[in-house]
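Here is a quick tour for someone meeting this structure for the first time. Take a look, then read on.

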Amino acid sequence: MAAERRENEWWRTVNLRSKEASTKVMAAGTALKPMTVEAAEEIAAQEFARIVESHRPQIFRFLLSSLRDIDLAETLTQECFLKAHRNWSHFRGESSAMTWLMRIAINLQKDYWRNRRLQFWRQTRTNAVDLDEASEWLPNGERNAEQQILAREQVAQVWQAVKGLSERQRTVFLLRYVEERELSEIAEATGLSEGTVKAHLSRALGRVRTELRGTR
Amino acid sequence: MNWRQDLAGENPELELEVEQALKHFKASMDAWSDVALSRPRTLAKASVRHSWRPAASWALGCLLAAGTLAGAVHHWQETKLAAQKAAQNAAEERAAAARATAQPITAQSIGAQPDNKAPAATTRELSAAQHSASGQDEALLASVDKDVSREVPAAMEPLAQLMDDGGTQ
């Protein structure tokens, strides 16, 4: 969190500098070296590249968990950063870059589902993997075979619960339990109030509990 | 992990299981996305696309649409013209019928109304028209009689000539 705050502060400074690049800033009688527009833009581009590098895996993971389609998740991740690059000048640093990017990703995902609903007659090719395949992925820790099977079963049950969630509930659930975002960040990214986020999480957890209880 | 506070259910055993399941779920997603993100990507050579195909299909589509439109417009115009012609014919027929019925009615109305003092000029015109009409009829009948009487076989022509001469003498 502290690193993000530092990053935001830094960005606010860069944006400010790029806007006042051609003017000389005088502070307490000391002349600061003026920064040209080109130099400011170059710094901004470098910083954006750094942001892409650091946040790409998280955006991709969120989209992959939402869509269960690797190709589509990659495409939407690229679109997300393209949109972010186009609107970078509008980013004021009021929220963290991650929250801002996540908001763009959520909107892209919403657009995708809306388009799919509207084009229901079209035989769109989908590469979404089924739940069993998605549950296969587990890191090879020091677990024994029995623990691996148990873990896989639990993952499958959580996927089953996620499948039954509404689009909004799923987004909130994934942001909380996969991306481990704070409630305030989720509220900001989704445009919901914290109370609504809590309500969605409670319902989603209820589904997970029901799934787990069902196999006991 | 900042979401542990969310798990405050009545059944601690179940909550522990939920926590484990969520942890595994996150670990699974991390592993999957790491593998998917770092997978080797093959760059396929872009195949040469036939650009004329979409152009041809577009042109054909446009042609078809234009043809359909032109046909519809032509049909509409034809229908409109036919309707106009029919209306014109009907109007002419009506006018002719009205003209045909108007003359006798006028004459009858003039003759049938004794109290109605028709102007002398109108009466005169009417009688003159009747006279000229009867004269024309007589002339027509006379010419017809002449034509008919002249139609004699060629062998009888000298006799007819003689009769004419004798008649005139």
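Let's start with a pair of helices: H2(A) and H3(A) cross in a right-handed way, where right-handed means that the near helix is turned clockwise from the far one by less than a right angle, and left-handed means anticlockwise. H2 covers residues 37-67 of chain A and H3 covers residues 70-86 of chain A; they pack at an angle of about 140°, with axes 9 Å apart. Axes here are lines fitted to C-alpha atoms over the stretch in contact, with angles from 0 to 180 degrees between N-to-C directions. The two helices are therefore oblique to each other, the class left over once angles under 35 degrees (roughly parallel), over 145 (roughly antiparallel) and 65 to 115 (roughly perpendicular) are taken out.

Among the residues making this contact are Phe48(A), Ile59(A) and Leu63(A) of H2(A), and Leu76(A), Cys80(A) and Phe81(A) of H3(A). In contact means C-beta atoms, placed from the backbone, within 7 Å.

A note on the model: it is predicted, so local features need pLDDT of at least 70 and side-chain atom pairs pLDDT 80 or more, while totals for chains, interfaces and linings use all residues. Residues are numbered from 1 along each chain as its sequence is written, and chains are lettered from A and ligands numbered from 1 in the order written.

Zooming out, chain A has 9 helices and 2 strands, which are DSSP runs numbered from the N terminus (helices H or I, at least four residues; strands E, at least two). Buried residues make up 29% of its 216 residues; buried means 20 or more other C-beta atoms within 10 Å, exposed 12 or fewer, and partly exposed in between.

The largest nonpolar core has 48 residues, and Ile59(A), Leu63(A) and Leu101(A) are among those touching the most other members. Such a core is a set of buried Ala, Val, Leu, Ile, Met, Phe, Trp, Tyr and Cys residues joined through C-beta atoms within 7 Å. Helix H1 (12-38) of chain B is one of the elements giving two or more residues to this core. Leu101(A) touches Ile59(A) and Cys80(A), among others, not counting residues up to four places away in sequence.

Now for two residues with a positive phi although neither is a glycine.

| Residue | Phi | Loop | C-beta neighbours within 10 Å |
|---|---|---|---|
| Arg68(A) | about 55° | between H2 and H3 of chain A | 21, buried |
| Glu180(A) | about 50° | between H7 and H8 of chain A | 13, partly exposed |

Terms used
Contact = placed C-beta atoms within 7 Å.
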